[in-house]
Amino acid sequence: MGAASAPNPDASKPLGTLLERIVKGLSKKQKGAASLWTATLSDAQGILVQAADTPNSAAWLDGHSLLLHQACSGRAFRYLIRRDPPRVSSEVLLPGLPLVDHPIMATAGAEFSDHLMWQWVSCGVCVGETAVYTPAQHDVGKILTVACTPFRGELCGDRVTKSCRYPVCLVLPEVFRPMQDRIALATRSRGLLTVRVVSYNILWGHKEDKILKGRRLKAEKAGSSEVLKSQGQRPSDNNNTNNNTNNNTNTNKNNNNNNNSCVKTIGSLSDLPVLIEARDYREHIILRELRGYDGDIVCLQEVTTGIFETHLQPLLSSAMEAARSEGNGELAVFWRRARFRRAEKPAATWLVRDLLEDQENADIRSALEAAPPAFRAHLNSQPHVAQAVQLTCSRTAKTVTVVNVHLVMATTAAQLRALQACLVLRKVRRWMACASGGQVIFCGDLNCRGADPAAESVLTLLTEGAVPDNHHNFVFGRDLGSSVDPSHSADVPRCSAAPRGTRCCAPALCSGELCWDHCCPSCGALKLPREQTCVACTAEGRRAPAHGLEGFFACRLTQPFGGMVGAYCKLTGDPALFTAPFNPMTGEPWPSGWGEMKDHIFYSTSSTEDKELSAVWVLPPPHLDSLRGIPNLCWPSDHVALVADLEWGC
C-alpha cells in the first residue's frame, strides 16, 4: 500500500473480510514467517474496532485509522481514514417528453451515498420532492428540471440538475378514446380464481438520436436523401386524429428543436415534437395501457434496457415484480405481487439455437444433417431467446410455468418458427422435471403470418402436439438462408403473378406462366405461396401431389405437452385477433384481408382439465379504424396487446 490508498470497501460486507484481503495482498509476494502482517482498525480515540462482523459502512469512518504491522521486522504503518463525500456517479436520466397525467421518473447512480434527495422545479417553483413526478395542467408549456442531491447520513454531496428536452405537453382526450374504450371492457369483475394474462410486443423503444442516426446511415448507403424522407410516414386521414395528417414528421421535429415551447397540445402526429417510433412519447402510452389492463401476469417482448430499467420496472414496482431475460434482454415477465410469488427455481433464459444440442433433439439434428448448409447456417445465426419463470399462486398454492418467446419473423421462415417453438417446449419439459411446474402458459410474439392457421406449422405444433414432415412450410421455406438470386434471366420467362401490384421476379415453370410457389400443383391456377393449393382446390378438398423433399429441411416436429389451447381461438373460434382490409402498419389497402395472427396466449391441458386454468374471457380488439397506421398517438406499438382471463377449476 502506498502513502495514499483507496481500498474502496463494499459497504455491505463485514470488516473482517476486508482486513483479511489487505493482509493477503501484502503477503502474496513474500514467503515464510517474515511475511506475516496484521491489520487492525481503530477509532479516533485509538480504541480498536474488535468485531470482525462490523459492517464496513460503520467501521470505515472519517478519523478512524488503519494500522498495518509486520511482527518480525517491527515495521508499522498507520493510515488515517478519509471517506469521499457522497456524489452522483452517473448521468441523471429522465424522459425527454413529459405528458400531463403520465408519471415520469428520474434515476441516477451514486457513490458513497445512502440515499438521494430529489426536487422537481418548474419556472423556479418546486413542484415535487420524490423521484417520480406526474405533470399537471399547470405545467403545460414549461420545461421541468430535476435536481438530485446525494446524502450519506446528514452529509450532503454536490447537487446535479437535468432538464427535460421538451416542455410538458397535453395530449387531447379524444386521442385516447379508442384505448379508454378498450380498457373499459377490461374492467369486468373477476373471480378469486381468475388469472389475467397479458402478452404484448411493445416495439423497440430506442432513443430518437439512435433512430435518426440509423436513417442517415441507410440514406448514405442507398445514396439518396429520399430514404430519410420516407421513413416513419403514415397514411393521411383527416378524420382520424390517431394518424398522420401530413408527412412532415421529421420537419416538425426539427422545428421544435429550435423552439421547444411552441408545442403545448398534441392532437395529431404533426403536433408531436418527437418521432413516433422513438421511446420519448410511446413509453408513457405503454405504461398507461398496461396499467389499464390490470394484468396478473404480463409477458412483454422487444423491451429495451432503457424502458425496462428507467420506466416500466420502477413505475410498476409498487404492485408487480419482474424478471428480464438475459442475453439481448428483450423479454420481460411481470407478475402481481399480491397474486403470485416466484417459485424457488430461478428464472431461465435460453438462446434457442443452442437448444439443438440437448439430448432430446437427436431427431432434429439428424434431419439438419441432410438440410442445405445455408439453412443450417441461417438457423445458427438467429439471436432469438426464450424466457421461463415459475410462479406459485397465493390463493390456490398451484404453480404455473410462464414461457415468454419472440420467434423469427420472415414470411418464408414458418418452419423455423415451428422448430424454435419445438426446441423451447422440449427444454421447458426437462427444466420442469426436477420441480412441480404445474401448467404451462406459453405466450409471446410467434410472428405467424396471414389469417390461415393451417399455413403456420407452429400453430399446428402447439394445438396438435406434432407437425408432419410433409407440411407445406418445409417446401415453402426450402431456400431459407440461401443466397439464390430470384431474378430471372432474359432466357427464362418471368412469373406473371403480381401480388398487390408488384410482379413476382421468380422464373416461371416450363409448363405455364407461374413460378413454382404461385402455381397450384393440383390444377395449375394461381395460389398464394404459403398455401399448398389454390382457393378452389382447397374448397373442393383436392389434395396436392406429394413433393420430393430431397435437399430440404423436413422433420416431424413434436412437443411434450400435447394439444395446447389458444385462449382467443377457444373463445372466438379464430386464432387471429382481427382481419382488416388494410395493413395496420402502413394503412395500405389489403384486399385479401390482413389477418393479425402474430401474437398468442396458449396454455397446456391434461386429464384433470376441470381443475386447471382455462380461458373464460378475452379482450376484443379495438375498433379497426383506430389501428390504421400503428404505432400512432393512441396505440404505442405495431402490435395489439392480447388480454385473457384464465380461471382455475375447483
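Let's start with R556, which sits in the loop between α14 (535-540) and β25 (557-558). Keep in mind that this is a predicted model. R556 counts as exposed because its relative accessibility is 51%, and the cut-off for exposed is over 50%. Setting aside neighbours within four places in sequence, R556 is in contact with D363, A466, V467, P468 and D469. L461 is 95 residues away from R556 in sequence, yet the two C-alpha atoms are 9.9 Å apart in space.

L461 also turns up where two helices meet. Helix α11 (residues 414-432) and helix α12 (residues 457-464) have axes that come within 7 Å and cross at roughly 35°. On the α12 side, L461 is joined by S457, V458 and L462; on the α11 side you'll find A414, Q415, R417, A418, A421, C422 and L425. By type, the residues of this contact divide into eight nonpolar, two polar and one charged.

Now for the nonpolar cores. The largest one has its most-connected residues at Y281 and I297. Helix α7 (residues 279-293) gives the most to this core, with six residues. Domain 2 (87-170) and domain 3 (293-304 + 317-479 + 550-648) each supply at least three residues to this core. Another core lies apart from it. Here are the two together:

| Core | Size | Residues include |
|---|---|---|
| Largest nonpolar core | 92 residues | Y281, I297 |
| Another core | 48 residues | I364, L461, F561, M597 |

As for Y281, beyond its neighbours within four places in sequence, its contacts include L97, L99, V171, V175, F176, N632 and L633.

Notes
Residues are numbered from 1 along each chain as its sequence is written. This is a predicted model: local features need pLDDT of at least 70, side-chain atom pairs count only at pLDDT 80 or more; totals for chains, interfaces and linings use all residues. Side-chain values use heavy atoms; hydrogens and water are left out. Helices (H or I, at least four residues) and strands (E, at least two) are DSSP runs, numbered from the N terminus. Buried means under 20% relative accessible area, exposed over 50%, partly exposed in between (1.4 Å probe, protein chains only). Contact means heavy atoms within 4.5 Å. A nonpolar core is a set of buried Ala, Val, Leu, Ile, Met, Phe, Trp, Tyr and Cys residues joined through side-chain atoms within 4.5 Å. Domain bounds come from an automatic or database domain assignment. Axes are lines fitted to C-alpha atoms, for helices over the stretch in contact, and angles run from 0 to 180 degrees between N-to-C directions. Ala, Val, Leu, Ile, Met, Phe, Trp, Tyr, Cys and Pro count as nonpolar, Asp, Glu, Lys and Arg as charged, and the others, Gly among them, as polar.
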